[in-house]
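I set out to record the overall dimensions of this chain, its nonpolar interior and its surface. My entries follow the order in which I looked things up.

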Amino acid sequence: MVKVSDIRYWLSYWKKTLADVDRKKIEVTTHPILVESYFIDKVPQRHANFLWNISQTKEETQFINVDVCSCSIQTAFEHAKSKELVEEVHYPFWIPAIMYKDGTLAPQKNNKGLTKPFFVREYLVPNPKGTYSIASIQDVDSGLQKIEFKEETWSEFWRKCESFFKLITGKSFEEYNIKQEKHIFVQKGELRGLSENIRKLYTRLEESLPTEGLLQKLIDREGVNSIAIPEQSKIVRNKMHVGQMSGEFPLSVSQRESITCFNLLEESNVLAVNGPPGTGKTTFLQSVVANSVVSTVANQQKPELIVACSANNQAITNILDSFVLDSKDKLTNRWLPEVSSLGLYLSTNDNKKYQTCTSEYGNGFLNDFESGDVEDKKEFFLKEFAENIKACTDIEECKDELLSIVQSKVRQIKEHIDIAEGYESIGQLLKTANFSHLDDLKENISSTYENIEKYGVEIQQISDVEEQLTRAKEQQPFLQKLFCFLPKFKKRRAALFQRIMLNVDVNGISDYSNYNALLHLLNEAIISKTNSLKQLNERLNELLALQCKIEELTSSYHQCIREWNKNYGDVLESLQAMTGKEYTGLQALEDMQVKMDVSYRYEAFWYAIHFREAEYLLNLELKQEQDSNDRERGEDTYKEKLQRFAGVTPIYISTFHSIPRFSTFYDRAEGEKAYYDLFDLLIVDEAGQVAPEIAIPSFSLAKKAIVVGDIFQIPPVSSVEDKLDVVNLKMNNLLPETALDDIFNTYKNYGLLCSLGNIMRMAQQACFVKDGEDGGTLLKEHRRCPDKIISYSNKHVYHNKLILTKGNKRKVETGLPLKGFMHIESTSEQIGSSKRNVQDAAIIAKWIDSKRLELEKAFGNKPITDILAVVTPYKSQASLIKDELLNIDKKIYQKLISGTVHALQGAEIDIVIFSTVITPGNSTSFAGNINMLNVAISRAKSSFLVFGNLNAIDATKKNPLGYLKQWLQEDEGCELSNKIVYDNKNADKNVVRVSDLNKHVGTLNRAFEIAKSELIIVSPFISSNAIECDTIKYYDGNEKEALKSKGINSIKEQLRSTVNRGVKVLVITDSTLDVSNNQLKLPAKKGREIIKQSGAKLKLVNGIHSKTIIIDNDIIVDGSFNWFSALRDEQSKYFREESSIVVKGEPAQDMIQKAKSFLESVVK
């Protein structure tokens, strides 16, 4: 369990692991170079060209970095399953070098001199038990100090490298290598020496660790007091969201949820935002920055210092690009000259594409901009101010006017939300008053009026009766009054009073002759009805007040909407035209939030930006007046400088490797120090790819953090392997010597490990808001890929939590399926620890080239490099495909991405080709890698295409690769024609090419006719339509107008007659391809029954894509034609051109043997 007291141990662990990165195990992906002695000064030209090409060099590039291995050794270990001894090759010692284009080698240089040779950390003690060991870390580190590497020739440098090697091992290169033939490996160089700034920050943290703050909260999750994500009713009432960078699209529902949580983020806390591909992470981050700018301006506070960081170049480029200005709206133009972005890139390497500051002293864009004439900047600003607002000659007045506008916009945002909240409260007001809707209230008011009138009438009637009764009593004769007690007079009086009382409804009269009793009852009735009337009037006043309030709320809301539509209605119309129904039919508050995003929040942000620009000009002028020579490196002055320039660029952007350098200040007594809590907000992007040891120390530089990413993307390249990670944990007192799995797994689940961890997982654990057990918010609306493409990720990765908004219509019609595959009968080969497939690589390159012009035209003449990318699990395959493309046309394909899936991490492109490489029998190490497949698939905006030997993938397996094949086979028409495979086969006397429908059908017929003892037909798909077809329609040659029709013997007839001749007929088909919704399609079901009834054997196989005919042991036909399912009508829009080869004679024997061997392995 992680405790605060352990933080120093964790910092030590991460720091030491980081130091091992530069001596990490290198994956050998190239062929060895044979040498006469263990020295090489020039790489063979072909090998050099290969390395040069895969390094994607520019024309001006003079040399590339390479790694040279002059030492390899084989060891044997027992295979876990087979228990057989398996040889393993180790490459423990490497020499970094540079290689010129002609292959010449020279020593590699860095900031401190020559880059020194190194022993791989894995082979240095302490290391995992059973691992090959060459020396101890201590021996290597001390030995390195004994040899001086300085500017010298390559041969002298090599000699010193071998001296160092011998000092540690006691042997020269030749004595150490055990192979008889001498060889050296030279491959593309790894990046090293990048973590120096991070390690310095670790050292400073060890010397003075802050006692509390963001860093502690991130590591010590037990100190986090989490709350539930606010309910939707509170989210739509959020008035703290006041800024929006873009006015084109509003926030989605889940983005609004995340921005609400951001508004609740306090110092020392972390907000984790889980962002699957294409769900709008960039838009969310723009909103965070916009909100900060507007709120600080409106509240007249200093700018917040915001820094966005990540670990890889693609993520940094994405952030930089998202803050580059590209709008025709005048309001969004900068009112300062030569400013093209809202971000400043903090990087020690100058980047001409972006506004870059190259040192903590402000070198680069910052100093260049501030050294310019302030008066020129002021003149530029005043001109823009006049064009957008009004003429003015004083920057201070402009600033005041802009502040007034921003504050007005913020008030309008809150007032509009109040109005919408009031309107939406009508339902609750009615419910509280026990009305289901407004009509009920109106009916109740009407009935209350009626009851009031009724009670008034009844009271008057009772009063009238009372008067009549009194008159009747007074008008009685004297004798009746005198002898009223006599029965005769009593009866007469009772009859008279009863007639008078008929006009009123009074209960409880027992004696109508008793005047006083009657009068009492009438008075009681008047009092009762008067009280009821009073209550009715009170109720009426309440109802009328409620009606009035509702009318006021309704009127206010409709007036508000009318005014808004008058000013911004066209914006809403444009939005709804682009998004369909997504932003229609919304409740009042949600609708108002949408309207605020594309109007007042958007305007408030840009007016706030211009306020900061005016403020910056005043601050810059004041600075130049005071002391233009101050380098501003003190604790106060450095922060003031960054805050000043935040008026120009409200967000700073940096890698985790660089940000520690820009987060220091100079103390006259103690020298350079780390600037803890310098930034108000740290944003981490693509955090699922950020290793903990890279990012952890930078959390000490900020007060709070937003961590955005996805743990289902490709994890960071680990600094160490699992076993060595355990050793390092023990070395730093984080694991007992007898390591317990549950402790290790706890660390793993928290994301703490260098081998398996990432910052995103740590942030999830430390996040102050949770959705049930899940830490952080989740962005759900996917907008990048068509629904059919992203459906794989949604189902198998995100458990159907994504909201798919794209549909399956594409802006560009390419003729390609949304998801598709091409089966290639091919064989892979092992290259070191990697794999490659020569035939797959050649076919992919040729297919791309054959489609290039068509695709470029379809996508508006974009170059193919901007349309399509190739990814694969294996580096060797990526390099080979790139080599094949460059051989076709180096100029066209130089920039086309061909890499491992990492190459597209964080990027997107129209078409993604995924090269599987593997063939049946290969180990599929990536079969369970759901993250890799998720990244590969979710990059594709138009089509995702799989190329390779599909026979190697079993669709019945419950793993990501099996799911991939199931997914690819869900829709008809997903299979790409592999005609190109067979069109490129060389024909000779033993090989005949078949390339049209008529010849394919003729080839099948001929196979039935000439088979003597055995006929094997492999057809992945089966359809009764093809099996029973007795007529084909085909075009004669290239004349597309000349459609011919001819009768043929159906497959059904030929199967029966061939079996009756005594020929053993075996039909092999795939068990999963003809299935839809877990049901066998009717044509496939009927076709299978016909085959069985003919007497032929039918075998079902999991995952077969070959289209093969084997006739006895003499002839083999192989190609792209589905023998038992292909359409027999070339006029049909579903018809595809196919190609096959017929091989006989000696060349056929080897093919038949391999094909039968494979079929025997899969047919049970």
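What radius of gyration does the chain have, and what would a compact globule of 1164 residues have? I noted 41 Å for the chain, against a value near 32 Å for the globule. The model is a predicted one.

I next looked up the extent along the principal axes: the C-alpha atoms fill a box of roughly 155 × 100 × 70 Å. For secondary structure, I recorded 38 helices and 43 strands. I then turned to contacts between residues at least 6 apart in sequence, and found that 76% of them join residues at least 24 apart.

**Interior.** I found that 54% of the 1164 residues are buried. The largest nonpolar core has 157 residues, and within it W14, F699 and I759 touch the most other members. Helix α21, residues 600-626, gives the most to this core, namely 13 residues. I also noted a second, separate core of 51 residues, with Y38, I64, M99 and L124 among them.

I examined F699 in particular. Neighbours within four places in sequence aside, F699 is in contact with L214, L215, L218, L682, V684, A705, V707 and I759.

**Surface.** I recorded an accessible surface of about 53400 Å² for the chain, with 46% belonging to carbon and sulfur atoms. In soluble globular proteins, nonpolar side chains tend to be buried together. I therefore looked for nonpolar residues on the outside, given that tendency. F478, L479, L482, F483, F485 and L486 form a surface patch of this kind, with about 610 Å² of accessible area together. Of these residues, I placed L479 in helix α17, which covers residues 478-482.

Notes: Residues numbered from 1 in each chain as written. Predicted model: local features only at pLDDT ≥ 70, side-chain atom pairs only at ≥ 80, totals over all residues. Heavy atoms only, no water. Patch = residues over 30% accessible without salt bridge, like charges linked within 9 Å, V, L, I, M, F, W, Y side chains within 5 Å. Areas by Shrake-Rupley, 256 points an atom, 1.4 Å probe, with all protein chains shown as cover. Salt bridge = Lys/Arg side-chain N within 4 Å of Asp/Glu carboxyl O. Helix = DSSP H or I, 4+ residues; strand = E, 2+ residues; numbered from the N terminus. Core = buried A, V, L, I, M, F, W, Y, C linked by side-chain atoms within 4.5 Å. Buried < 20%, exposed > 50% of the residue type's maximum accessible area, 1.4 Å probe, protein only. Contact = heavy atoms within 4.5 Å. Rg over C-alpha atoms; globule rule 2.2 N^0.38 Å.
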